[in-house]
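Let's take a walk through a protein together, one stop at a time. Keep the 3D view open and turn it as you read.

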Amino acid sequence: MPETKYELLYFPLRGRAEPARLVLAYVAASWTDTPVGNWMSVKPSTPLGQLPVLFERKGGAERAIPQSASILRHLGRTFQLYGQTSDDALHIDIAIDTAHDLANAISPLAFGPNKGKDPAALNRYFDDVVPLHLARFARLLGDNAYFVGGAPTIADFAVFNAIDGHLSVDPNLLEKFPTLAAFHARVAGLATVSAYLEGRRPGELAPLASVRATGQPLV
Ligand SMILES: N[C@@H](CCC(=O)N[C@@H](CS)C(=O)NCC(=O)O)C(=O)O
């Protein structure tokens, strides 16, 4: 059987591609991470004119898969990281959608011309909004090691990614959420994940750490 090889095409960012990268690293797939520099010349050849795109190649066959959520779920099905039953899959989907809520919530403060320009809004976000999201994760996780079942699923990588990005802005984020702190450490400590984390590109949210710590806007 020829090995399936993956190529993940995205901008040189963690962004929407990072949960899929974490999964590919976790399962030790044969994969390459291709940062796109000349987007306008690549765009017409992509399925939906958007990134990320996951190329899946086996033997002589190739397919290009768009949509980050579809990519993540496809990898979940391919690598048996989508639970054992349809109930498992439902709970995995709930955790993934809850992770997307947090990952998306910071966007207005973190991207575009207003990035880091409003320290008061960033503080309000971290003090009042983020804990609501974290409480949801804590409720879904309960006292379990992983969100669904006894081993990692794609839900864990989606949640880990959302929490991890916010941790890069506020290292005290999980002080009141010990089960989530343990969860974050558990995922980061998985051997293949830990190796990937050591070498990955810096996160886009990290520049906001100084805004959170000092109350001074980015210049
Ligand atoms: N729902 C899509 C959204 C994809 C998307 O908006 N991609 C942006 C980058 S994060 C993009 O390709 N922007 C460039 C463009 O639209 O030309 C997904 O999750 O993959």
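Let's begin with aspartate 164, which, setting aside the residues within four places of it in sequence, is in contact with Arg14, His184 and Arg200. You can find aspartate 164 in helix H7. Is aspartate 164 buried or exposed? Its relative accessible area is 13%, and buried means under 20%, so aspartate 164 counts as buried. Please keep in mind as you go that this is a predicted model.

Now step back and look at the whole chain. The protein is divided into two parts: domain 1 covers residues 5-78, and domain 2 covers residues 86-214. Between the C-alpha centres of domain 1 and domain 2 there are 22 Å. Where the domains meet, 19 residues from domain 1 and 21 residues from domain 2 take part in the contact.

Next, look for helix H1, residues 18-26. How many of the nine residues of H1 are buried? Eight of them are, so this helix is largely enclosed by the rest of the structure. The buried ones are Glu18, Pro19, Ala20, Arg21, Leu22, Val23, Leu24 and Ala25. What do the buried residues of H1 pack against? Their partners are three strands, E1 (5-10), E2 (30-35) and E3 (53-58), together with the helices H3 (68-78), H7 (154-167) and H9 (191-199). You have already visited H7, as the helix that holds aspartate 164.

Our next stop is the ligand. Around it you will find Tyr10, Phe11, Arg16, Trp39, Lys43, Gly49, Gln50, Leu51, Pro52, Gln67 and Ser68. This shell is a mixture, with five nonpolar, four polar and two charged residues. Try zooming in on some atom pairs. From leucine 51, a polar backbone atom lies 2.8 Å from a nitrogen atom of the ligand. Tryptophan 39 uses its side chain instead, with an N or O atom 2.9 Å from an oxygen atom of the ligand. Arginine 16 also has a polar side-chain atom 3.5 Å from a ligand oxygen atom. How much of the ligand does the protein cover? On its own the ligand has 510 Å² of accessible area, and the protein covers 70% of that.

Two members of that shell lead us to the backbone. Most residues other than glycine have a negative phi, and most peptide bonds are trans. With that in mind, look at the bond that joins leucine 51 and proline 52: this peptide bond is cis, with omega at about 5°. Proline 52 sits in the loop between helix H2 (39-42) and E3.

Glutamine 67, which is also part of the shell around the ligand, has a positive phi of about 75° although it is not a glycine. Glutamine 67 belongs to the loop between strand E4 (61-66) and H3. With 42% relative accessibility, glutamine 67 is partly exposed. Two other residues are worth a look for their phi angles. Just after H1, alanine 28 has a positive phi of about 55°, and glutamine 80 has a positive phi near 55°.

Glutamine 80 takes us to the loop between H3 and helix H4 (86-105). With a relative accessible area of 64%, glutamine 80 is exposed. Glutamine 84 is in the loop between H3 and H4, and its 77% relative accessibility makes it exposed.

From glutamine 84 we can hop to valine 148: the two are 64 residues apart in sequence, while their C-alpha atoms are 9.7 Å apart in space. Valine 148 lies in the loop between helix H6 (119-141) and H7. Is valine 148 buried or exposed? Its relative accessible area is 10%, so valine 148 is buried. Leaving out residues up to four places away in sequence, valine 148 touches Asp88, His91, Ile92 and Thr153. Its C-alpha atom is also 8.9 Å from that of alanine 95, a residue 53 places away along the chain.

Let's finish with serine 45, in the loop between H2 and E3. Serine 45 counts as exposed, at 61% relative accessibility. A polar atom of its side chain lies 2.7 Å from the backbone oxygen of valine 42. The C-alpha atoms of serine 45 and alanine 64 are separated by 9.9 Å, with their positions 19 residues apart along the chain.

Key
Residues are numbered from 1 along each chain as its sequence is written. This is a predicted model: local features need pLDDT of at least 70, side-chain atom pairs count only at pLDDT 80 or more; totals for chains, interfaces and linings use all residues. Side-chain values use heavy atoms; hydrogens and water are left out. Buried means under 20% relative accessible area, exposed over 50%, partly exposed in between (1.4 Å probe, protein chains only). Helices (H or I, at least four residues) and strands (E, at least two) are DSSP runs, numbered from the N terminus. Contact means heavy atoms within 4.5 Å. A residue is near a molecule or strand if one of its heavy atoms lies within 4 Å of it. A polar contact is a pair of N or O atoms within 3.5 Å; within protein, one must be able to donate a hydrogen and the other to accept it, and residues adjacent in sequence count only if both atoms are side-chain atoms. Accessible areas come from the Shrake-Rupley method with a 1.4 Å probe; for residues, only the protein chains shown count as cover. Ala, Val, Leu, Ile, Met, Phe, Trp, Tyr, Cys and Pro count as nonpolar, Asp, Glu, Lys and Arg as charged, and the others, Gly among them, as polar. Domain bounds come from an automatic or database domain assignment.
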